Amino acid sequence: MLAHLPSSAPDLVVEGRPDTTPDVIDGVAYARLYGEPLFRMPTDLYIPPDALEVFLEAFEGPLDLLLYLIRKQNFNILDIPMAQVTKQYLQYVDQIRLHNLELAAEYLLMAAMLIEIKSRMLLPVRKADTGEEAADPRAELVRRLLEYEQMKLASQQIDALPQLGRDYVRTQIYIEQSIVTRWPEVEVVDLQQAWADLLKRAKLTAHHMISREELSVREHMTAILRRLQSTKFVEFADLFDPSRGVPVVVVNFVALLELAKETLIEITQAEPFAPIYVRLAYAPS
């Protein structure tokens, strides 16, 4: 459709009258064709009849078209009138074959299936060998239609959900970096937990300090000999003082072994598992 002409444009040719449109209308062209100004109406203007097509209904496939025909006329999907539905379906297929043969090929398979079902329904019903009644020829088609309808309704429900960019936009806020940082407040419980963690780490990194103590085996050997000079026998355990610590006990035991090695003392036992006694191996002067 052409746009409105300028108010200064003269009348066009009407009923065979000569065109009085001047070559230039106040020096302004009312249209441009390939960049060139157009001051006169073209005499060979032609608009093909199929330049504009209006599609009142659009279907996503044969099942969608078939479901539309059934629901539009309130047919019972479990008892489809095949003759009427097949006729309407073929009419639509004939229309799309005139414009899009590739698209029509997709619908021809369903048309063949409808014609087959219609033909099988015209034949007399025969019972199966087991005595049961034969299945309805429309059963498989009904199953496919019900499944398709469920999926279509589900897709419509999903499409109705709010979508980013279509129904709403994500809010973006610009924050100045110069804003003073506000630190969160510290609760008493947080401080207690931090102190407990600090103590736990301190225990893991604690060092064992060893102090050096000068112990002489000779001094302990002398002490044992002095102890034995005052008595005839001394029980083995009485020669040690555990309260002085493990190092003193070890050195005292080494001193005892040195005295036994030098045959200065004797270590005796009356019977198995009896107490062990220590005595001098010589008579004191």
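**Stop 1: the sheet.** Select β3, β5 and β4 in this predicted model. They form an open sheet of three strands, in the order β3-β5-β4, and the pairing is antiparallel. Colour β3 (234-235) and β4 (265-269) next. These two stand at the edges. Each has a single partner strand, so one side of each is left without a neighbour in the sheet.

**Stop 2: the β3 pairing.** Keep β3 and add β5, residues 276-280. Two bridges join them, and the strands run antiparallel. Which residue of β5 is the bridge partner of Glu-235? Show side chains and label Tyr-277: that is the partner.

**Stop 3: the helix on the sheet.** Now add α6, residues 217-229. This helix packs on the sheet and touches β3, β4 and β5. Turn the view until β5 and α6 are both clear. The direction of α6 makes about 90 degrees with that of β5.

**Stop 4: a helix pair.** Hide the sheet. Select α1 (residues 62-72) and α4, the latter spanning 139-160. How do the two helices cross? Their axes come within 10 Å, at roughly 95 degrees. An angle of 65 to 115 degrees counts as roughly perpendicular, and α1 and α4 are therefore roughly perpendicular to each other.

Show the side chains where they meet:

- From α1, pick Leu-63, Asp-64, Leu-66, Leu-67, Ile-70 and Arg-71.
- From α4, pick Leu-141, Arg-144, Leu-145, Tyr-148, Glu-149 and Lys-152.

Colour this contact by class. Seven of its residues are nonpolar and five are charged, with no polar ones.

**Stop 5: the loop after α4.** Follow the chain out of α4 (139-160) towards α5 (188-204), and stop at Tyr-168 in the loop between them. Is Tyr-168 buried, partly exposed or exposed? Its relative accessible area is 41%. Buried would need under 20% and exposed over 50%, so Tyr-168 is partly exposed. Leaving aside residues up to four places away in sequence, Tyr-168 touches Pro-162 and Gln-163.

**Stop 6: the whole chain.** Show everything and colour by secondary structure. The protein chain has seven helices and five strands. Trace them from the N terminus: the elements run β-β-α-α-α-α-α-α-β-α-β-β.

Switch to a surface view. The chain exposes about 23,800 Å², and carbon and sulfur atoms supply 57% of that area. Of the 285 residues, 19% are buried. Finish with contacts between residues at least 6 apart in sequence: 50% of these join residues at least 24 apart.

Definitions and conventions:
Residues are numbered from 1 along each chain as its sequence is written. This is a predicted model: local features need pLDDT of at least 70, side-chain atom pairs count only at pLDDT 80 or more; totals for chains, interfaces and linings use all residues. Side-chain values use heavy atoms; hydrogens and water are left out. Helices (H or I, at least four residues) and strands (E, at least two) are DSSP runs, numbered from the N terminus. Buried means under 20% relative accessible area, exposed over 50%, partly exposed in between (1.4 Å probe, protein chains only). Contact means heavy atoms within 4.5 Å. Axes are lines fitted to C-alpha atoms, for helices over the stretch in contact, and angles run from 0 to 180 degrees between N-to-C directions. Angles under 35 degrees count as roughly parallel, over 145 as roughly antiparallel, 65 to 115 as roughly perpendicular and the rest as oblique. Ala, Val, Leu, Ile, Met, Phe, Trp, Tyr, Cys and Pro count as nonpolar, Asp, Glu, Lys and Arg as charged, and the others, Gly among them, as polar. Accessible areas come from the Shrake-Rupley method with a 1.4 Å probe; for residues, only the protein chains shown count as cover. Two strands pair if DSSP finds at least two bridges between them.
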